[in-house]
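Take a walk through this protein, one site at a time. Keep the sequence open beside the 3D view.

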Amino acid sequence: MTDTTTDTADAAGTPRGQTRRGISVVVPVKGRVELMGRLLESLATAVSRCTEPAEVIVVDDSPQPEADRHRENCRRHGARYVEGPAHVGTKRNFGTRLAQYDLVCFVDSDCRADPELLDRHVKALRDAPPQVAAIAGPGILAEGDTAVFRVMRRSWLLNGHHEDPVRYERLTSGATCNLAVRREVFEKVGGFPEDSPHPTGGEDIELGLRLTAGGYVTACEAGAVVLHDSVGTDTLGAVCRRLLSYGLSEQWLSVTHPERRRFMLNKISVVAAASLAALAARRRSRGRSLLAVPAVAGLLLARQVGPLLGDDRTPRALADSVACALLEWLFDAGAVAGAVRYRSPALLFGGFEWPDDSTYLRSEEK
């Protein structure tokens, strides 16, 4: 098909010449060679199925010999390999500056693309009115076979937002495992932030808030699917790292957007406060005050387990829900670390107010 061009400008407003119609895929990566190889294979198929020109750009900061393996995989699957910075938001911005097309799709390295992914994103953005600046597609979590996966499949904190595009027509922000944007608008609002905590810093949420503040909309395309590998939910170490980084990121968002800060019953802070109070009263109570600490922790845990348990009341479901709840306390621990990092005692009982469902448009409301 014949390409047409549109004038665009960089983030500072400087004309950059001509950008052709089509879609560029930007994938940030470090390590994950086998996962990346599977993604590149799936994207090659998606590129061949797309009705507009498409390209894949991989931005990598892996050490040797992984970097060479990424280069070879890119050559094999027709992708462009570039060395880039360490910060994931900066990688995405860097890849966008190298892109030759007017639409950009961000996919994470631990995903696999549906064959129709790029064509769905292109058609959704071409058919949408100009105020629709982004299209969010669902990231369907692949089934894992470990006990940790079974436990953490219940966790909204780990997996909740990835499947939102199945349930909604419009979101405040879309997860960057599967997000397509109009490049001109993306650059107009400044791209992804580059000062967020690494490796998972809430860049997608912050970008979505700036798009919304600029009068733009993030719409959903349920048919633009990626399969999200279970690697981040399969092992205890991966779960711990993700939850801690999510908690830290919440406090970065709270500092970046103080207008969205709200009271949060941080379980780590509550138990710590109860422990200090119990220790202060230990002599007067002859040690009985110390019993308040496990009582408070138990009440907080019970309050959390109910929603995780749902309708399944079997002993195994109860055990899995308790284990999931306890691991989710790592999110609160990350939030406490964020309060310390940003020297804000108020954040010990505060956090970021996520966009409520009432700000979204459910699929049945369209």
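This is a predicted model. Start at Gly 84, which sits in the loop between β4 (80–83) and α3 (88–98). How accessible is Gly 84? Its relative accessibility is 23%, so Gly 84 counts as partly exposed; the partly exposed range runs between the 20% and 50% cut-offs. Now look at what Gly 84 touches. Leaving out neighbours within four places in sequence, Gly 84 is in contact with Val 59, Asp 60, Asp 61 and Phe 94. For a sense of distance, pick Val 270. Gly 84 and Val 270 are 186 residues apart in sequence, and their C-alpha atoms are 42 Å apart in space.

Move on to Leu 117. This residue is found in helix α4 (residues 117–127). Is Leu 117 buried or exposed? Its relative accessible area is 0%, so Leu 117 is buried. Its contacts come from several stretches of the chain. Not counting residues up to four places away in sequence, Leu 117 touches Leu 43, Val 107, Asn 178, Ala 224, Val 225 and Val 226. Thr 45 makes a useful reference point here. Leu 117 and Thr 45 are 72 residues apart along the chain, yet 9.6 Å separates their C-alpha atoms.

Next comes Asp 195, in the loop between α8 (183–188) and α9. Asp 195 has a relative accessible area of 56%, so this residue is exposed. Which residues does Asp 195 contact, leaving aside its neighbours within four places in sequence? They are His 87 and Trp 252. Thr 218 lies 23 residues from Asp 195 in sequence, and the two C-alpha atoms are 23 Å apart in space.

Follow the chain from that loop into helix α9 (residues 203–213). Of the 11 residues in α9, 8 are buried, so the helix is largely enclosed by the rest of the structure. The buried residues include acidic ones: Glu 203, Asp 204 and Glu 206 are among them. Ile 205, Leu 207, Gly 208, Leu 209 and Leu 211 of α9 are buried too. After α9 comes Gly 215, with a positive phi near 90 degrees.

Now turn to a helix pair. Two packed helices are described by the angle between their axes and by the distance between those axes. Take helix α12 (residues 267–280) and α15: their axes come within 7 Å and cross at roughly 80 degrees. Angles of 65 to 115 degrees count as roughly perpendicular, so α12 and α15 are roughly perpendicular to each other. On the α12 side, the contact is made by Lys 267, Ile 268, Ser 269 and Val 271. On the α15 side, Trp 329, Asp 332, Ala 333 and Val 336 take part. The residues of this contact divide into 5 nonpolar, 1 polar and 2 charged.

Finish at a pocket. The second largest pocket has a volume of about 540 Å³. Its lining has 16 residues, and those nearest the pocket's centre are Trp 156, Leu 157, Lys 267, Gln 304 and Glu 328. Lys 267 is a familiar name, as it also belongs to the contact of α12 with α15. Three elements give two or more residues to the lining: α6 (156–159), α14 (292–309) and α15 (315–341). Which element gives the most? That is α14, with 5 residues. By type, the lining residues of the second largest pocket divide into 9 nonpolar, 1 polar and 6 charged.

How values were computed
Residues are numbered from 1 along each chain as its sequence is written. This is a predicted model: local features need pLDDT of at least 70, side-chain atom pairs count only at pLDDT 80 or more; totals for chains, interfaces and linings use all residues. Side-chain values use heavy atoms; hydrogens and water are left out. On a 1 Å grid over the protein atoms alone, a cavity is a set of points where a 1.4 Å probe fits but cannot get out, and a pocket is an open set with protein on both sides within 12 Å along at least five of seven lines; lining residues have an atom within 4 Å of a point. Grid points are joined across faces, edges and corners, and a volume is the space filled by probe spheres set on the points. Helices (H or I, at least four residues) and strands (E, at least two) are DSSP runs, numbered from the N terminus. Ala, Val, Leu, Ile, Met, Phe, Trp, Tyr, Cys and Pro count as nonpolar, Asp, Glu, Lys and Arg as charged, and the others, Gly among them, as polar. Buried means under 20% relative accessible area, exposed over 50%, partly exposed in between (1.4 Å probe, protein chains only). Contact means heavy atoms within 4.5 Å. Axes are lines fitted to C-alpha atoms, for helices over the stretch in contact, and angles run from 0 to 180 degrees between N-to-C directions. Angles under 35 degrees count as roughly parallel, over 145 as roughly antiparallel, 65 to 115 as roughly perpendicular and the rest as oblique.
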